[in-house]
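Thanks for making the time this morning. I would like to take you through one model, starting with a question and then working along the chain.

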Amino acid sequence: MSKAPAFNKKNRINRKRSKAKVHSKKRDPLCPNGERMRPVFVDFKDVELLKKLTSRQGKIIGRRKTGCSSVSQHAVSAAIKRARFMALMPYVGD
């Protein structure tokens with residue numbers, strides 16, 4: 001029966017532990033002051049804002065990446081779909 005090699009200071013590899021990354025909470029792009037307006041309304045004619053919330057392929061970016069709350073994300077997705085229907089935004093990207 002063979003024994004596993006004994007680990008001592010000579011056999012150890014010096015590895016540094018990676019420090020824990022501090023993630024800051026993303027702010028809702030629809031609420032710049034931190035105050036949510038009720039009811040949440042996103043203008044479908046504001047194409048510049050909607051382009052920030054879509055990828056290059058034309059897909060709607062999810063909540064976790066944009067930092068939107070669920071209420072504002074539903075309003076954003078409805079506004080993007082409405083803008084696509086009104087031909088203000090493309091269905092597919094470049």
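What volume does the largest pocket have? In this model, which is a predicted one, the largest pocket comes to about 320 Å³. The residues that line the largest pocket include Lys 25, Lys 26, Arg 27 and Asp 28, together with Cys 31, Gly 34 and Arg 36, and, from further along the sequence, Arg 63, Arg 64, Gly 67, Cys 68 and Ser 69. If you sort the lining by character, seven of the residues are charged, three are polar and two are nonpolar.

Before going further, a word on confidence. The average pLDDT of the chain is 83, and 84% of the residues score at least 70. Among the elements, helix H3 has the highest mean pLDDT, at 94, and helix H2, residues 63–66, has the lowest, at 90. As a general caution, where pLDDT is low the predicted coordinates should not be read in detail.

Now the overall layout. The chain contains three helices and zero strands, so by definition of the elements the pattern read along the sequence is α-α-α. Of the 94 residues in the chain, 28% are buried. When we take the contacts between residues at least 6 apart in sequence, 63% of them join residues that are at least 24 apart.

Let me turn to the interior. The largest nonpolar core has 15 residues, and those that touch the most other members are Leu 30, Val 42, Leu 50, Val 76, Ala 79, Ala 83 and Met 89. The elements that give two or more residues to this core are helix H1, residues 47–52, and helix H3, residues 70–85, and H3 gives the most, with five residues.

Two of these core residues are worth following individually. Once neighbours within four places in sequence are set aside, Val 42 is in contact with Leu 30, Leu 49 and Leu 50, and also with Ala 75, Val 76 and Ala 79. Met 89, for its part, is found in the segment after H3, and is it buried or exposed? Met 89 counts as buried because its relative accessibility is 8%, which falls under the 20% cut-off. Not counting residues up to four places away in sequence, Met 89 touches Val 47, Leu 50, Lys 51, Thr 54, Ala 83 and Arg 84. Met 89 and Phe 44 are 45 residues apart in sequence, and their C-alpha atoms lie 9.6 Å apart in space.

The segment after H3 also holds Ala 87, and I would ask you to look at the backbone there. Ala 87 has a positive phi of about 65°, although it is not a glycine. In general, most residues other than glycine have a negative phi. With a relative accessible area of 66%, Ala 87 is exposed.

Finally, the loop between H1 and H2, where I have picked out Lys 59 and Ile 60. Lys 59 counts as exposed because its relative accessibility is 59%, whereas Ile 60, at 29%, counts as partly exposed. What does Lys 59 contact, leaving aside its neighbours within four places in sequence? Its partners are Leu 53, Thr 54 and Arg 84. The C-alpha atom of Lys 59 is separated by 8.0 Å from that of Gly 93, which is 34 residues away along the chain.

For Ile 60, again not counting residues up to four places away, the residues touched are Leu 53, Thr 54, Gln 73, Ser 77, Ile 80, Lys 81 and Arg 84. One of them, Ser 77, is 17 residues from Ile 60 in sequence, with 7.0 Å between the two C-alpha atoms.

Note on methods: Residues numbered from 1 in each chain as written. Predicted model: local features only at pLDDT ≥ 70, side-chain atom pairs only at ≥ 80, totals over all residues. Heavy atoms only, no water. 1 Å grid on protein atoms, 1.4 Å probe; cavity = no way out; pocket = protein on both sides within 12 Å on 5 of 7 lines; lining within 4 Å. Points joined across faces, edges and corners; volume = space filled by probe spheres on them. Nonpolar A, V, L, I, M, F, W, Y, C, P; charged D, E, K, R; others polar. Core = buried A, V, L, I, M, F, W, Y, C linked by side-chain atoms within 4.5 Å. Buried < 20%, exposed > 50% of the residue type's maximum accessible area, 1.4 Å probe, protein only. Helix = DSSP H or I, 4+ residues; strand = E, 2+ residues; numbered from the N terminus. Contact = heavy atoms within 4.5 Å. pLDDT = per-residue confidence, 0-100.
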